[in-house]
Amino acid sequence: MRTILITGQGGTGRTTVAAATALKAAREGTRTLLLTADRTDTLGAVLGVPTGAEPTDTAPHLTTWRPDANARFREDLTAFQDRATTALDLLGAARLDAEELTPLPGAEELALLRALRDAATSETYDLLVVDLPPTPQALALLALPEELRRYLRRLLPPERQAARALRPVLGRLAGVPMPAEWLYETAARWDIELAAVAAVVEDRATTVRLVAEPGPAGTDAVHAATTALALHGLRVDALVANRVLPAASADAWLGALAAQQRKALDEWQETYTVHEVPHLGRDPRGTDDLGALPVPGVNRAPVPVEWPVLDHLADDGVLVWHIPLPGAIREELDLIRRGDELVVTVGQFRRIVPLPSALRRCTVAGAALREGELRVRFAPDPDLWPRTR
């Protein structure tokens, strides 16, 4: 299944572009699901048809879905209380009833991730269009499965489950209670669910579309977004320049604004694949307005993001890891080797990535930022590298 994640600046019409993209694909006969996590029904207002907690057929070949974070939060916490009954009783804790539970911050994001997983595994749709929050929040959301899996592996390593028969003995020797069996089972279940979500985000057929209004603020936002998305291994297949004004206008104020937009568009064309969507003179409402927006179509064979490791052992005695970071600035870039992981920081964005297996037996020999690409050099560690005769 092809997945298109749509994000960008706040207030630039991301939801409108997402709805127009999904509608265009559906009218071409593609079975399409349009997914959003918006707490209010902004998507329904754009489409002219309310969306809800269950997938709803909105138009031929088009289904919309706005997951109910409240219901999923109640279900999860109730299930957790059922599993932890013994521990709660020992602590004298009073159980919470489902009726008194209200979702915590982040519940909408978790509901969207689960819906994303369910949609990808249902085999019901050919295309999934996801209306994401603004880029900073969207990046935090998309990085969540990878980060949570890392936390689980550190706090409850799967390999320790092999000692479950010795756990009572180890507990007496250590003088502290060992984690209960249900805790490992819960962690394993969470890891499987998170892995399924991460697989959708990391899939070669998943791409991102940025939505921005041409102008100085839009240029800054696009620059930061493309770098941050590349850091997370996500490919931008199109930049949608939304609400573009006509170049010719008798009004001096509109003419100046159009000239400012055109300057930004000319700069964008040099770097990105730009699709201009004109301003309709009103907020698009209903399928007729959405159908009039010339949003880009769906590329069936997107070019995946590659982080290759190139062998320069014969010439320079190093392996070079190439990490594409378009737009990155040297002064805002920081690298830390931590065990078998590399901590990469670009401005306000950070990602902890596991090293490829060959590089784990190496030491970092240097790094350079060239042509929008971070190139990290690794020298084989003599004590760990396979010896040759």
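Three cavities of 30 Å³ or more are held within this structure, which is a predicted model, and they make a good place to begin the tour. Rolling a probe the size of a water molecule over the atoms shows where empty space is left.

To find the largest cavity, which has a volume of about 120 Å³, select Leu139, Leu142, Ala143, Pro145, Glu146, Ala198, Val201, Glu202, His232, Leu234 and Arg351, the residues that line it. Now colour helix 6 and helix 8, since these are the elements that give two or more residues to the lining of the largest cavity; the largest share, five residues, comes from helix 6. If you then colour the lining of this cavity by class, you will find seven nonpolar residues, one polar residue and three charged residues.

Next, turn to the second largest pocket, in which about 650 Å³ of space lies. Of the 29 residues that line this pocket, select Glu146, Glu202, His232, Arg351 and Pro354, which are the closest to its centre. Glu146, Glu202, His232 and Arg351 may still be highlighted on your screen, because they also belong to the lining of the largest cavity. Which elements give two or more residues to the lining of the second largest pocket? They are helix 6, helix 8 (181–202), strand 6 (206–212) and strand 13 (349–354). By class, the lining of this pocket has 12 nonpolar, four polar and 13 charged residues.

Keep helix 6 (residues 135–155) in view and add helix 5 (residues 107–121), which packs against helix 6 at an angle of about 70°, with the two axes 10 Å apart. Angles of 65 to 115 degrees count as roughly perpendicular, and that makes helix 5 roughly perpendicular to helix 6. The crossing of these two helices is right-handed. To see where they touch, select Glu109, Leu110, Leu112 and Leu113 on helix 5, together with Leu141, Leu144 and Pro145 on helix 6. This contact has six nonpolar residues, no polar residues and one charged residue.

For the last stop, select helix 9 (residues 216–231) and helix 10 (residues 252–269), which pack at an angle of about 25° with their axes 9 Å apart. Are helix 9 and helix 10 roughly parallel or roughly perpendicular to each other? Angles under 35 degrees count as roughly parallel, and helix 9 and helix 10 are therefore roughly parallel to each other. Their contact is made by Pro216, Gly218, Thr219 and Val222 of helix 9 and by Gln260, Ala264, Glu267 and Trp268 of helix 10, and these residues divide into four nonpolar, three polar and one charged.

Methods. Residues are numbered from 1 along each chain as its sequence is written. This is a predicted model: local features need pLDDT of at least 70, side-chain atom pairs count only at pLDDT 80 or more; totals for chains, interfaces and linings use all residues. Side-chain values use heavy atoms; hydrogens and water are left out. Axes are lines fitted to C-alpha atoms, for helices over the stretch in contact, and angles run from 0 to 180 degrees between N-to-C directions. Helices (H or I, at least four residues) and strands (E, at least two) are DSSP runs, numbered from the N terminus. Angles under 35 degrees count as roughly parallel, over 145 as roughly antiparallel, 65 to 115 as roughly perpendicular and the rest as oblique. A crossing is left-handed if the near helix is turned anticlockwise from the far one by less than a right angle, and right-handed if clockwise. Contact means heavy atoms within 4.5 Å. Ala, Val, Leu, Ile, Met, Phe, Trp, Tyr, Cys and Pro count as nonpolar, Asp, Glu, Lys and Arg as charged, and the others, Gly among them, as polar. On a 1 Å grid over the protein atoms alone, a cavity is a set of points where a 1.4 Å probe fits but cannot get out, and a pocket is an open set with protein on both sides within 12 Å along at least five of seven lines; lining residues have an atom within 4 Å of a point. Grid points are joined across faces, edges and corners, and a volume is the space filled by probe spheres set on the points.
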